[in-house]
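Open the model in your viewer and keep the sequence panel beside it. The stops below say what to select next and what is there.

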Amino acid sequence: MSLTEIAVRNVKPAEKAQRLFDGGGMYLEVAPAGGKWWRLKYRIGGKEKRISLGVYPDISLKAARERREQARKLIAQGVDPSTNRQAGKAAQADRSANSFELIAREWFAKHKPNWVGSHSDKILARLERDLFPWLGKRPIAEINAPELLAVLRRIESRGALDTAHRAKQDCGAIFRYAVATGRAMRDPSGDLKGALPPAKGGHFATITDPKAIGELLRALKGYTGSFVTSCALQLAPLVFVRPGELRHAEWSEIDLAAAEWRIPASKMKMGAPHIVPLSKQAVAILQELKPQTERGPYLFPSERTRARPMSENTVNAALRRLGYSTDQMTGHGFRAMASTLLNEQGWNKDAIERQLAHAERNRVRASYNYAEHLPERRKMMQAWADHLDSLAAKTL
């Protein structure tokens, strides 16, 4: 005789376990302590087995019968419901172990030691605020481009377009890490090129907050890649020339005794020669670099041949390695950093512009002014280097 919901609800525990059968091998087991479990008895491969169908009242009589029928269909196909359930649990555990959040946190932990504190804090906040709530529990291998785009558009919808682009970059790095560690087949963020409106442009990314500059300088000092690249990174904020001018610098242009770098007109964007006064700090970097590269023409030669300068992407790639995205800092950004702070400090605007080698509106004057304000520029460049030292020393 089949059970009824009323009978199941009203059955009382006894001194010994009770079994109330419903048919098809399913029964309700009532424990002396009062617990009620749905169970299914079945035979497969000539062996009698049992599995649980759930606990009453969480699983009603109707729900238990539905589970019984699902199990009986598997048995009819020669599939053991118990084995099938174990396989399902294992698959779910595997999905959880390969979730987006778990892999993202693993990726973050791997890279955090190489990032400055403010940068790692921003990345973690972005992950926890904008990505984990919607992607965190998803198996990373199952996330596709449309799903990722929906999350990024949620960020864009609140007017945070720059953050959406940065979140996309973070996702790309996380997916590539998952691919490299064998937990995903591809990076779907690559399919989203052009899907988001471009971030606001017009200026090279830079850092002007004094505390953040100090963190950046300490990161540059601690760069663990190529020694030549490390020197380029440390010299860049001291001389704030254009990236192309820096990587094409030649030893024949450097006078360490006079603490001066004279760049010929042929290398300058504006077609006029340029003098870069070298601070004591800049000279120290070049003195350390010289034994390494003076056998070739370039201060910063290519790793493949001394006959060519380093790649135009070397400095920016090193900044990326240190954890600075293209929206935060670029090689060109050292110029904007210097310009902003030197103007704030009250230095002669003409001296600043001359040191930046910006265009002279008066073309006749332009051909004669490469040494203009030179004494003041020497003073300014040393004061600038000393100021950077003081920022780098402030860790609070």
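The tour goes from the whole chain to the cores, then to one helix, the backbone exceptions and the charged pairs.

**Whole chain**

Start with everything selected, and bear in mind that this is a predicted model. Colour by secondary structure: the protein has 16 helices and seven strands. Turn the C-alpha trace onto its principal axes, along which the protein spans about 110 × 40 × 40 Å. The radius of gyration is 34 Å, whereas a compact globule of 396 residues would have a value near 21 Å.

Now colour by relative accessibility. Of the 396 residues, 44% count as buried. The accessible surface amounts to about 21300 Å², and carbon and sulfur atoms hold 52% of that. If you draw a contact map, take the contacts with a separation of 6 or more: 60% of them join residues 24 or more positions apart.

**The largest nonpolar core**

Select Leu-216, Trp-261, Leu-278 and Phe-300. These residues touch the most other members of the largest nonpolar core, which has 57 residues. Then add the elements that each supply at least two residues of this core: helix 8 (210-221), helix 9 (227-239), strand 6 (260-263), helix 11 (280-293), helix 12 (314-321), helix 13 (333-344) and helix 16 (374-393). Which helix gives the most to this core? Helix 9 does, with eight residues.

Centre on Trp-261 and show its surroundings. Leaving aside residues up to four places away in sequence, Trp-261 touches a set that includes Val-239, Val-241, Leu-246, Ile-254, Ile-275, Val-276 and Leu-278. Also among the residues Trp-261 touches are Glu-245, Glu-253 and His-274.

A second, separate core has 31 residues; select Trp-115, Ile-123, Val-151 and Phe-175, which are among them.

**Helix 7**

Phe-175 leads to the next selection, residues 161-180, which form helix 7. Place a distance monitor on the end C-alpha atoms: they are 29 Å apart, and this agrees with the 28 Å that 20 residues should span at 1.5 Å a residue. Pick out the buried residues of helix 7, including His-165, Asp-170, Cys-171, Phe-175 and Tyr-177. Small side chains also appear in that buried set, among them Ala-164, Ala-167, Ala-173 and Ala-178. Step just past the end of helix 7 to Gly-182, where phi is positive, at about 75°.

**Backbone exceptions**

Most residues other than glycine have a negative phi, and most peptide bonds are trans. The next three selections depart from that pattern.

Select Tyr-56 and Pro-57. The peptide bond from Tyr-56 to Pro-57 is cis, with omega near 10°. Pro-57 sits in the loop that runs between strand 4 (47-56) and helix 2 (61-76).

Move to Phe-240, a residue other than glycine with a positive phi, near 35°. Phe-240 is in the loop between helix 9 and helix 10 (243-247). Is the residue buried or exposed? Phe-240 is buried, at a relative accessible area of 1%.

Then go to Ala-259, which is not a glycine either and has a positive phi of about 55°. Its place is the loop between strand 5 (254-255) and strand 6. Ala-259 has a relative accessible area of 19% and counts as buried, because the cut-off is under 20%.

**Charged pairs**

Side chains of opposite charge can pair when their charged atoms come close. The model has 23 salt bridges; the last selections show some of them.

Select Glu-101 and Arg-105 in helix 4 (residues 100-111), where they are four residues apart, about one turn of the helix. Their side chains form a salt bridge at 3.0 Å, N to O. Both ends are partly exposed: Glu-101 has 26% relative accessibility, and Arg-105 has 34%.

Next select Arg-138 and Glu-147, a salt bridge whose closest N and O atoms are 2.8 Å apart. Arg-138 is partly exposed at 23%, and Glu-147 is partly exposed at 22%.

Glu-48 and Arg-43 form another salt bridge, at 4.0 Å from N to O. Here Glu-48 is partly exposed at 43%, while Arg-43 is exposed at 52%.

Finish with Asp-22, Arg-65, Arg-68 and Glu-69 selected together: a network of salt bridges links these residues.

Methods:
Residues are numbered from 1 along each chain as its sequence is written. This is a predicted model: local features need pLDDT of at least 70, side-chain atom pairs count only at pLDDT 80 or more; totals for chains, interfaces and linings use all residues. Side-chain values use heavy atoms; hydrogens and water are left out. Buried means under 20% relative accessible area, exposed over 50%, partly exposed in between (1.4 Å probe, protein chains only). A nonpolar core is a set of buried Ala, Val, Leu, Ile, Met, Phe, Trp, Tyr and Cys residues joined through side-chain atoms within 4.5 Å. Contact means heavy atoms within 4.5 Å. The expected span of a helix is 1.5 Å times one less than its number of residues. The radius of gyration is taken over C-alpha atoms; the globule rule is 2.2 Å times the number of residues to the power 0.38. Accessible areas come from the Shrake-Rupley method with a 1.4 Å probe; for residues, only the protein chains shown count as cover.
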